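Biologist: I am new to this structure and would like a close look at a single part of it. Please take one strand, and tell me what lies on either side of it and how the two chains meet.

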Amino acid sequence: MNAMVKPELICPAGTPAALRSAVDAGADAVYCGYQNATNARNFVGLNFTPEEMENSIRYAHEGGTKVLITLNTFPPAGKVELWKEMVDLSARLGADACIVADIAVAAYIRDNHPDMRIHLSVQAAASSPEAIEYYVREFGVKRVVLPRIMTVSEIRDLLKEIPCEVETFIFGNHGLMVEGRCSLTTYVTGQSTNMDGACSPAACVKYERADDGSMSTILGDYMIDRFGPEETAGYPTICKGRYKCDARDGGYYAFEEPVSLNASNMLPDLITAGVHAFKIEGRQRSKAYVKKVVAAFREAVDSIMAGQEPKLADLIALTEGQKQTEGALKTKKWR
Amino acid sequence: MNPSLTLGPNLFHWPAKQRIDFYNRIADESPVGTVYLGEVICSKRTPFFDDVHLPAVAERLERAGKTVVYSSFSEVVIKRERNILMEWSKQEGRDLEVNNTAALLHLKDRPHRIGGLLNVYNEDTMSYLAGQGATHFSLLPELPRATIARLGEKARELGVGVEVQVFGRASLALSARCYHARAHERTKNNCQFVCGEDPDGMTLKTMDEKPFLTINGIQTLSYGYLDLMADLDDMRSIGVTHFRVMPHTCDMIAVTRAFDDVLAGRVDVAEGEAKLRELGIEAPFINGFYRGRAGHDWVPRVTEMA
């Protein structure tokens, strides 16, 4: 236990205000992106202008917090220039790392900003030592954000084989498809998650209440779920919907229940496995939410490192009544 | 035989006997120039066909004059998958099609192909991979024409092939979880190969009974079948060198002949399309991705050109 490395707490910042909250609550690093397709949370009202980024980086650095820039989408042919500009900007503003998924973006950083740390995004879906080693060898990747599909014991084994740091998701929204390998949104709406940073975009969403009181949630031309009068309607994310198939009577969650990842009980295991950084999802969340979650996990990580029992009850309240899951971390049965 | 027409890897879990018969017919009767073999979806399936019959089937196709390419796993996590992939990466004398970056580790400076499940979205990524030995790129189904045109231009400059899927269900998403097993209230470990019950995949319908998606183990596909027959000439003009049809249970000899006929100019597009519509495929045809629209759309060519 003496050799335990204290993992960094990597926190979401969808806005400058959320960034300040995260810094104040004890984040070791925040991750955030620009207001364009270069990041995978390209939503209206989120993300940073260059000026905001400059000020935010200054604020974070004064608080001893690193800033990691998400450039984690895949530039379509003819548009790579925008991603390169955002890399240049990030370097100029003194960002601590860029989180990238596309080979072209990684190669550009390696060739033009050799001092910039490259973190391999979860969108790159590197889930084996070979895939990770490839990115380390080719681009000098310093850290890989692991796909949310591995058990703790698989992560432990992986760490023995790879020449870079590992970051795992521990809390927040829980996507079921391998990130970076999903074009369901393009199929339904014509906007692409990988190229445009859009997943089930709000502009294509409709809610329709029927006479019987049921509420349908619709994305494009497809009903993603239908809720009874007593149920709370959720957002129509394609992989969280209820569908029908011949093997089942009535609708079922074909991909996953609407659950939220909460790996708080597994933090000690993840720490002893040697994970270098814990990532909290939620750039679309309010600053108040960010503050509470970051503070709770700050306390938890510090307690565990001090050999004390962490207090995690607060986190249950933050999941907004959603069911909790430890995702793939606990058991292969998840698959 | 048409060198620009290819048969992609079979994504579904068909019984070995059915697969052998299928490829025997392809060898004897289909005009495709290249056949991709190999399990790309689920490593649990390989003992049934790949581990036993692949060499003989490949040989049979090669004797019939086809080029055979092995296509490799899209998801590589467990030891067995890693070992199989490593073995395949080292084989001599036959190209490997790569569907996961893990394979690239072993293939530096050796000729290989990039599969339609690996993310190549732009000309810089294409150049990078070509610089390391990639000779041929099968593109992602979601790419619109404008993106394909840029990639086609770059490919011409690099001297590499560009392949686009023109027929069959489009792959939309991959997961570590098996949704086939889940539908039957099982897990991936005790799936009992229930995916074998659905030779073209399992249809998911919306709550209002509209067919939507297709499940194939860890893969989610479109419900609609791609049909880009009307765009073959256009694609050729923007640098697409190969056209891929994907195996389904419909008459694939008829499908590949129809595409061959249109590519060779023996029949016009209307007649070729009519042939595809006589095959008894229940699902609609789709072409929205190519037109830069929602993938499930069908946009008649006249509208698109206007």
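Modeller: In chain B, β7(B) and β10(B) run antiparallel and are joined by 6 bridges, where helices (H or I, at least four residues) and strands (E, at least two) are DSSP runs numbered from the N terminus, and two strands pair if DSSP finds at least two bridges between them. This is a predicted model, in which local features need pLDDT of at least 70 and side-chain atom pairs count only at pLDDT 80 or more, while totals for chains, interfaces and linings use all residues. Residues are numbered from 1 along each chain as its sequence is written, chains are lettered from A and ligands numbered from 1 in the order in which they are written, and side-chain values use heavy atoms, with hydrogens and water left out.

Strand β10 of chain B covers residues 219-227, and 9 of its 9 residues are buried, that is, under 20% relative accessible area, with exposed meaning over 50% and partly exposed in between (1.4 Å probe, protein chains only). In its pairing with β7(B), B:Asp227 is the bridge partner of B:Phe167. Strand β9 (residues 211-216) of chain B also runs antiparallel to β10(B), with 4 bridges between them, and there B:Gln219 has B:Asn216 opposite. These two strands, β9(B) and β10(B), form a hairpin with 2 residues between them, and B:Gly217 in the turn has a positive phi of about 65 degrees. Strand β12 (residues 285-286) of chain B, by contrast, runs parallel to β10(B) and is joined to it by 2 bridges, with B:Ile286 standing opposite B:Leu226.

From β7(B) the pairing also leads to the other chain: strand β7 (residues 161-175) of chain B pairs with strand β8 (residues 177-182) of chain A in the antiparallel sense over 2 bridges, and B:Ser175 is the bridge partner of A:Met177. As for the interface as a whole, the contact (heavy atoms within 4.5 Å) takes 70 residues from chain B and 66 residues from chain A. Between them the chains bury about 6,000 Å², 55% of it on carbon and sulfur atoms, buried area being the accessible area (1.4 Å probe) that two parts lose on being put together, summed over both. There are 8 salt bridges between chain B and chain A, each a side-chain nitrogen of Lys or Arg within 4 Å of a carboxyl oxygen of Asp or Glu; in the salt bridge of B:Arg82 with A:Glu161, the closest N and O atoms are 2.9 Å apart.
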